[in-house]
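I opened a fresh page for this structure. My plan was to look around first and write down what I found.

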Amino acid sequence: MVAPGKGILAADESIGTMSSRLEKAGVEPTAENRRAYRELLTSTPNLAEGVSGIIFCDETLHQQFADGRPFAEAVRALGILPGIKVDTGAKACPGLLGEKITEGLDGLPDRLVHYAELGAAFAKWRAVIAITDTLPSEAGIRANAHALARYAAACQEAGIVPIVEPEVLMDGGHSLSRCAEVTATVHAAVFAELAAFSVDPAGIVLKPNMVIEGAGHSEQSSAEQVAEATVEVLRALPDELAGVAFLSGGQSPQRATANLASMQGLRTPWPLTFSFGRALVDPALAAWAGDPGRVAEGQAALAERVAANAAAVRRRAEL
Ligand code: 13P
C-alpha cells in the first residue's frame with residue numbers, strides 16, 4: 001500500500017456523493033454509470049506504475065467489470081490491491097452541536113469477514129473534524145478517535161489493513177497554525193485510543209489532512225510552509241507506523257501535488273505518499289463527462305495526475 005513511488009487512489013465516494021458528482025458533470029446518476037466510471041478509472045493503462053491500491057465503496061465491490069469479473073478480481077489482476085470504505089458516513093453527533101461522528105461500527109466485524117471474502121485487502125474509515133472559533137470540542141475529538149480505534153482493531157482482527165483517516169477539514173477562514181494545533185490534538189487523541197485498543201501501529205496507514213490554511217483564509221501558504229508545518233505535526237507519530245498517505249481535502253490537483261512533492265525533502269521515519277480522491281479523479285470525470293466515446297480522454301486525465309503524484313513521491317529517493 002505504501003510501496004515506494006506509488007500511492008493510493010480513493011474512488012470510494014458513497015452512492016449519494018458519487019451521484020451528485022456525476023450529475024454536476026452532466027451524467028445521469030445510475031448504478032451503471034457509477035460502475036462504468038469506476039471501471040474507466042481502474043482500467044486506465046499502466047495505472048499500477050503509480051497506484052498500489054484503490055479504495056472502493058460497498059456498491060462497487062459488489063459490481064463487475066463489463067467482462068464479468070468482479071472489481072476486486074480485476075484490480076488484483078493488475079497488481080493493485082483492492083480496498084473498501086467501511087464507515088457508513090459522518091452524521092450530526094447527538095449532544096455536540098455542529099460536530100459529526102462517523103457511523104458504521106455496528107456489525108463491522110461481520111462485514112469485514114464478508115469484504116475479505118470479496119477480496120478486499122485493506123479498509124478505510126474517515127472521521128471528520130471541522131474547525132470554527134470554538135470547535136472542535138474535546139468530546140467530539142474523543143468520540144471520533146474512539147470510533148477510529150474500534151474500527152482499526154476490528155480490521156486487524158479480520159486480517160485487513162486499516163487506513164485510519166482523521167480529516168481536519170479545510171472549510172473556514174482559519175490559519176495554518178490553527179490547523180496545525182487542531183491536527184496535532186486530533187492525532188494525539190487518535191493514537192492514544194489506538195494504543196488503548198491494542199492496535200499495532202506497524203499495521204496501519206494513517207491518512208491525514210495536510211496542515212494548511214482554511215479555504216476562506218486571506219493568504220495562501222506556500223508548498224514549503226505546508227510541507228514544514230505538516231511534517232512538524234506528524235513528528236509526534238510512532239516511528240513504526242507503516243506509512244502516511246494524505247487526502248487532498250479540496251485542494252486543487254496541482255496544489256496537492258506540489259505540497260506532496262515539497263514534503264519529500266524532509267526526513268521522516270515513514271513514507272509520505274498520496275491517497276487522493278478529488279485531486280486525482282476530478283479531471284478524469286470532467287474529461288469523460290459520461291460519454292462512452294471519451295473513455296480514453298478520462299483515462300488520460302487520471303494518468304496525468306497519477307504520474308505527477310508518483311513523480312512527487314519519487315523525489316524522496318532522489319533527494
Ligand atoms: P479527497 O482527496 O478528495 O479529500 O478524498 C480522499 C478521501 O478518501 C476522503 O475520504
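My entries below cover the ligand first and the aromatic rings after that.

**Entry 1: the model.** I noted at the start that this is a predicted model.

**Entry 2: around the ligand.** Which residues come nearest to the ligand? I looked up its surroundings and found 13 residues. Of these, K124, K207, S248, G277 and R278 come nearest. I then sorted the shell by class. Six of its residues are charged, four are polar and three are nonpolar.

**Entry 3: polar contacts.** I checked the ligand's oxygen atoms next. K124 has a side-chain N or O atom 2.4 Å from one ligand oxygen. For K207, a polar side-chain atom lies 2.6 Å from an oxygen of the ligand. G277 uses its backbone: a polar atom there is 2.7 Å from a ligand oxygen. How much of the ligand does the protein bury? On its own, the ligand exposes 300 Å², and the protein buries 92% of that.

**Entry 4: the pocket.** I looked up where the ligand sits. The ligand takes up the space of the largest pocket.

**Entry 5: aromatic rings.** I searched the whole structure for aromatic pairs and got five. One pair I followed up was F65 with F71. Their ring centres are 5.0 Å apart and their planes meet at 75 degrees, so I logged the pair as edge-to-face. Planes over 60 degrees apart count that way. Are F65 and F71 buried or exposed? Both are buried. F56 joins F65 and F71 in one aromatic cluster.

How values were computed:
Residues are numbered from 1 along each chain as its sequence is written. This is a predicted model: local features need pLDDT of at least 70, side-chain atom pairs count only at pLDDT 80 or more; totals for chains, interfaces and linings use all residues. Side-chain values use heavy atoms; hydrogens and water are left out. A residue is near a molecule or strand if one of its heavy atoms lies within 4 Å of it. A polar contact is a pair of N or O atoms within 3.5 Å; within protein, one must be able to donate a hydrogen and the other to accept it, and residues adjacent in sequence count only if both atoms are side-chain atoms. Accessible areas come from the Shrake-Rupley method with a 1.4 Å probe; for residues, only the protein chains shown count as cover. On a 1 Å grid over the protein atoms alone, a cavity is a set of points where a 1.4 Å probe fits but cannot get out, and a pocket is an open set with protein on both sides within 12 Å along at least five of seven lines; lining residues have an atom within 4 Å of a point. A molecule sits in a cavity or pocket if more than half of its atoms lie within 2 Å of its grid points. Ala, Val, Leu, Ile, Met, Phe, Trp, Tyr, Cys and Pro count as nonpolar, Asp, Glu, Lys and Arg as charged, and the others, Gly among them, as polar. Rings of Phe, Tyr and Trp (its six-membered ring) pair if their centres lie within 6.5 Å; planes under 30 degrees apart count as stacked, over 60 as edge-to-face and the rest as tilted. Buried means under 20% relative accessible area, exposed over 50%, partly exposed in between (1.4 Å probe, protein chains only).
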